[in-house]
Structure formats: structure tokens, C-alpha cells
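Please open the model in your viewer and keep the sequence panel visible. The tour below proceeds from the whole chain to individual selections.

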Amino acid sequence: MIESSSRIGCINCGESLSPETRRCPHCGELQPTPLIDGGIAVGGVFLALVSIPLGAFTEGLIAIAGYGGAFIGVAMILGAVTRYIDIQSDRKRD
Ligand SMILES: [Zn+2]
């Protein structure tokens, strides 16, 4: 059977799954969805946009919290983008 290019691999065991599958039938691993990754990326952008001015224009603990929030926001964006790229490259490998 020829695998459709729209199928994705399980993040845990690599078994081919349809994009609608939320949980792998082989190992039971919950699959990430583009919607969730998009939400994480949007949340990261929002967090960075709120936190960077907080870190830049305030002092003391609030500034530290602002820089921490900005760092977490950027990490969320990078994490979502990296996972999206990983999913795309997994699809090409099929
Ligand atoms: Zn699996």
C-alpha cells in the first residue's frame, strides 16, 4: 500500500498516522496538532510583546520578570517552529 503524502509519523514510534489521529494506535502517544503548535506560537508572540517592554521600561523584580517572560515567549515560538519543521521533514521522509 502506498502511503499518502498527507500522512504523518507518530512522534514516539514513527508509525504512519493520518493527520486527524490524535492518539497513536500503536503506542498510545498523544500526537501534537498544528492547531496546538499554532496556539503555542501565538501565545509566545503575545508573551514576548507584553514582556519585552516590561523588561525594558521597568526596574527591579518586574524587569526581571519581564525578561523572563520574554525569554519564555521566544522559547515557545522557537519550540513551536522547530516542531513544525520536524513534522514537515518527517512527512518528506515518508
Ligand atoms: Zn506511536
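Among contacts in the protein chain between residues at least 6 apart in sequence, what percentage join residues at least 24 apart? The share is 39%. This figure, like every other in the tour, is computed from a predicted model.

**Whole chain**

Select the protein chain and display its secondary structure. Two helices and two strands are present, and from the N terminus they follow the order β-β-α-α. Colouring by burial will show that 9% of the 94 residues count as buried.

Next, colour by pLDDT. The mean for the protein chain is 84, and 89% of the residues reach 70 or more. Confidence is highest in α1, at a mean of 90, and lowest in strand β1, residues 8-9, at 81. Where pLDDT is low, predicted coordinates should not be interpreted in detail.

**First stop: histidine 26**

Move to the loop that connects β2 (16-17) with α1, and select histidine 26 there. Is this residue buried, exposed or partly exposed? Histidine 26 counts as partly exposed because it has 13 C-beta neighbours inside 10 Å. Now add Cys10, Cys13 and Glu15 to the selection: histidine 26 is in contact with these residues, neighbours within four places in sequence being left aside. For a distance label, choose glycine 14, which is twelve residues away in sequence, with 9.5 Å between the two C-alpha atoms.

**Second stop: serine 51**

Proceed to helix α1, which spans residues 34-57, and select serine 51. Why does serine 51 count as buried? The reason is that 21 other C-beta atoms lie within 10 Å, and the cut-off for a buried residue is 20 or more. Display Gly66, Gly69, Ala70 and Gly73 as well; serine 51 touches these residues, again not counting those up to four places away in sequence. Of these, glycine 69 merits a distance label: it is 18 residues from serine 51 in sequence, yet the C-alpha to C-alpha separation is 5.4 Å.

**Third stop: leucine 78**

Finally, turn to helix α2, residues 61-93, and select leucine 78. Is leucine 78 buried or exposed? Leucine 78 counts as exposed, because it has 12 C-beta neighbours inside 10 Å and the exposed class covers counts of 12 or fewer. To end the tour, draw a C-alpha to C-alpha line from leucine 78 to isoleucine 40: the two are 38 residues apart in sequence and 9.8 Å apart in space.

Methods:
Residues numbered from 1 in each chain as written. Predicted model: local features only at pLDDT ≥ 70, side-chain atom pairs only at ≥ 80, totals over all residues. Helix = DSSP H or I, 4+ residues; strand = E, 2+ residues; numbered from the N terminus. Contact = placed C-beta atoms within 7 Å. pLDDT = per-residue confidence, 0-100.
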